[in-house]
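Here are some exercises to work through with the model open beside you. Try each task before reading its solution.

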Amino acid sequence: MEIITEKESYYHNLDKMSVSEILHNINQEDKSVPLAVEKAIPQLEKLVAVTAKRMQNGGRLFYIGAGTSGRLGVVDASECPPTYGVPFDWVVGIIAGGDGAIRKAVEFAEDDTEQAWKDLLEYDITEKDVVVGIAASGTTPYVIGGLRTANEHGIATGCIVCNEGGPVAAVAQYPVEVVTGPEFVTGSTRMKAGTAQKLILNMLSTSVMIKLGRVQGNKMVDMQLSNHKLIDRGTRMVMDATGADEQTAAELLEQHGSVRKAVDKYMQKK
């Protein structure tokens, strides 16, 4: 395979550039990322379909990765409960080296081919679940080992990588390959590759949650009301859906605890 993410940057003498030149050149490279993501949509569609089906039947979604890739998986997983009101174990992000690696890199954690499966076993993973490996290079041993063992146990597997034809994609049943090219800073895959992975994760989890009925119209009707901003947003959503005044909507929301329940109860009384 050709590891394009490790190829030399198109730009030279970065240390001689002005701040304006650095920013504009980074921005120029970033513009190519959505186009690379667009090309991967047919692959992503297959991964979304199998994930939604498994989760409709009681399965869960697991992300495994190392470094930036692992952190992005943890971020996406952690945002699903407050955004869609789902249990915290529906979408789980696992990073090589454990949660401490979210803040501080753990040396050689990504090189252990057996640890990912051990980490997954901590969650009593079953054949109902889906495991998605995230690896910019597409070569991370931690991810390869986890996906390979998951396959052996009848678990659906996917991946999000930024090189074509690598070993991670080869072992995944539903690979998503987003080729973002050389980085502005040579080899710094937290840049374009990381941005592409974040976009794909947004699309994956959002599409799955919509298919699981966690969105009505275009509204997050099951979001957790965990601060004043979200309570105000929820109140407006109830008002829009029911035609109720602000005070009535706020009282309904406080009484029933979610936009969905508040709207349903109001409509039942009409």
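A residue counts as buried under 20% relative accessible area, as exposed over 50%, and as partly exposed in between (1.4 Å probe, protein chains only). This is a predicted model, where local features need pLDDT of at least 70, side-chain atom pairs count only at pLDDT 80 or more, and totals for chains, interfaces and linings use all residues. Residues are numbered from 1 along each chain as its sequence is written, and side-chain values use heavy atoms, with hydrogens and water left out.

**Exercise 1. Find F108 and D124, look at their phi angles, and say where each residue sits.**

Step 1: Begin with F108, which is not a glycine and yet has a positive phi of about 65°. You'll find F108 in the loop between β2 (91–95) and α5. Helices (H or I, at least four residues) and strands (E, at least two) are DSSP runs here, numbered from the N terminus. F108 counts as exposed because its relative accessibility is 64%.

Step 2: Now go to D124, another residue other than glycine with a positive phi, this one near 50°. D124 is in the loop between α5 and β3. With a relative accessible area of 60%, D124 is exposed.

**Exercise 2. Get the overall picture: how many helices and strands does the protein have?**

Step 1: Count the elements, and you should get 11 helices and 5 strands.

Step 2: Lay the C-alpha trace along its principal axes; the span is about 65 × 50 × 35 Å.

Step 3: Check the burial: of the 270 residues in the protein, 46% are buried.

**Exercise 3. Which residues touch the most other members of the largest nonpolar core?**

Step 1: Set the rule. A nonpolar core is a set of buried Ala, Val, Leu, Ile, Met, Phe, Trp, Tyr and Cys residues joined through side-chain atoms within 4.5 Å.

Step 2: Apply it. The largest core has 32 residues, and Y63, V91, V132, V178 and L204 touch the most other members.

Step 3: Trace the contributors. At least two residues of this core come from each of α2 (33–39), α3, β1, α4 (67–84), β3, β4 (156–161) and α8. The top contributor is α8, with 6 residues.

**Exercise 4. How many salt bridges does a search of the whole structure find, and which parts of the chain do D129 and R60 tie together?**

Step 1: Search for a side-chain nitrogen of Lys or Arg within 4 Å of a carboxyl oxygen of Asp or Glu, which is what a salt bridge means here. The whole structure gives 7 of them.

Step 2: Take D129 and R60, whose closest N and O atoms are 2.9 Å apart in their salt bridge. D129 lies in the loop between α5 (115–121) and β3 (130–135), and R60 in the loop between α3 (41–56) and β1 (61–65), so the pair ties together parts that are 69 residues apart in sequence. Both D129 and R60 are buried.

Step 3: Move on to R260 and D222, a salt bridge with its closest N and O atoms 2.6 Å apart. This pair also links distant parts of the chain, 38 residues apart: R260 is in helix α11 (residues 259–269), while D222 is in the loop between α8 (192–211) and α9 (228–242). Through salt bridges with shared partners, R214, D222 and R260 form one network. D222 is buried, at a relative accessible area of 12%.

Step 4: Finish with K7 and E2, which form a salt bridge with closest N and O atoms 3.3 Å apart. K7 is partly exposed at 40% relative accessibility, and E2 is partly exposed at 46%.

**Exercise 5. Which helix gives the most to the negative surface patch?**

Step 1: Know what qualifies. Patches are made of residues with over 30% relative accessible area and no salt bridge; like charges are joined within 9 Å, and nonpolar side chains (Val, Leu, Ile, Met, Phe, Trp, Tyr) within 5 Å. Asp and Glu count as negative, Lys and Arg as positive, and His and the chain ends are not counted.

Step 2: List the members: D232, D245, E246, E251 and E254.

Step 3: Assign them to elements. Helix α10 (residues 246–256) gives the most, with 3 residues. E254 lies in this helix, α10, and is exposed with a relative accessible area of 69%.

Methods:
Areas by Shrake-Rupley, 256 points an atom, 1.4 Å probe, with all protein chains shown as cover. Charge placed at Lys NZ, Arg CZ, Asp CG, Glu CD.
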